[in-house]
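Q: Could you take me through the terms used for this protein and the reasoning behind each of them?

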Amino acid sequence: MKPKDRFLNDMRRDMPALSALSHYLNWVRGQDAEAAQGLEADIMEAFSTDAGLRVLKLFEKSVLLVGQPSNSTDGALREMNAVRNFVLEIRRYVANG
């Protein structure tokens, strides 16, 4: 199995996360379902290329695989959680697209 296929298969097993991205796409879907579908396709296209998957892997390593110091403020923890959910949301679109 190619590394790209193995990476995509691994992402399919991830639990979904909701982020500002999904909230916005849901709002767009309420206004214009076709436009929302096009945006989702654009996300999948942008991050499904070899270069896009490398960037997504960079996001993972810099956001998902890094913990916050134990003395972080609540605001910093909320901010990091929002960023993590955003990256997880992109992974979900790519993995299931």
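The questions below deal with helix packing, the pocket and the overall fold.

Q: What kind of model is this?
A: This is a predicted model.

Q: Why are α3 and α4 called roughly perpendicular to each other?
A: The axes of helix α3 (residues 33–48) and helix α4 (residues 50–64) come within 5 Å and cross at roughly 90°. Angles of 65 to 115 degrees count as roughly perpendicular, and α3 and α4 are therefore described in that way.

Q: Which residues of α3 and α4 meet, and how do they divide by character?
A: Contact means heavy atoms within 4.5 Å, and on that basis Ala46, Phe47 and Ser48 in α3 meet Asp50, Gly52, Leu53, Val55, Leu56 and Phe59 in α4. The residues of this contact divide into 6 nonpolar, 2 polar and 1 charged, with Gly counted among the polar residues.

Q: What lines the largest pocket, and which elements give two or more residues to the lining?
A: The largest pocket, which holds about 160 Å³ of space, is lined by Pro3, Lys4, Phe7, Asp50, Leu53 and Lys57. The elements that give two or more residues to this lining are α1 (3–12) and α4.

Q: How do the lining residues of the largest pocket divide?
A: Pro, Phe and Leu count as nonpolar, and Asp and Lys as charged, so the lining divides into 3 nonpolar, no polar and 3 charged residues.

Q: How many helices and strands does the protein have, and what share of its residues is buried?
A: The protein has 5 helices and 0 strands. Buried means under 20% relative accessible area, and buried residues make up 30% of the 97 residues.

Notes
Residues numbered from 1 in each chain as written. Predicted model: local features only at pLDDT ≥ 70, side-chain atom pairs only at ≥ 80, totals over all residues. Heavy atoms only, no water. Axes fitted to C-alpha atoms, helices over the stretch in contact; angles between N-to-C directions. Helix = DSSP H or I, 4+ residues; strand = E, 2+ residues; numbered from the N terminus. Parallel < 35°, antiparallel > 145°, perpendicular 65-115°, else oblique. 1 Å grid on protein atoms, 1.4 Å probe; cavity = no way out; pocket = protein on both sides within 12 Å on 5 of 7 lines; lining within 4 Å. Points joined across faces, edges and corners; volume = space filled by probe spheres on them. Buried < 20%, exposed > 50% of the residue type's maximum accessible area, 1.4 Å probe, protein only.
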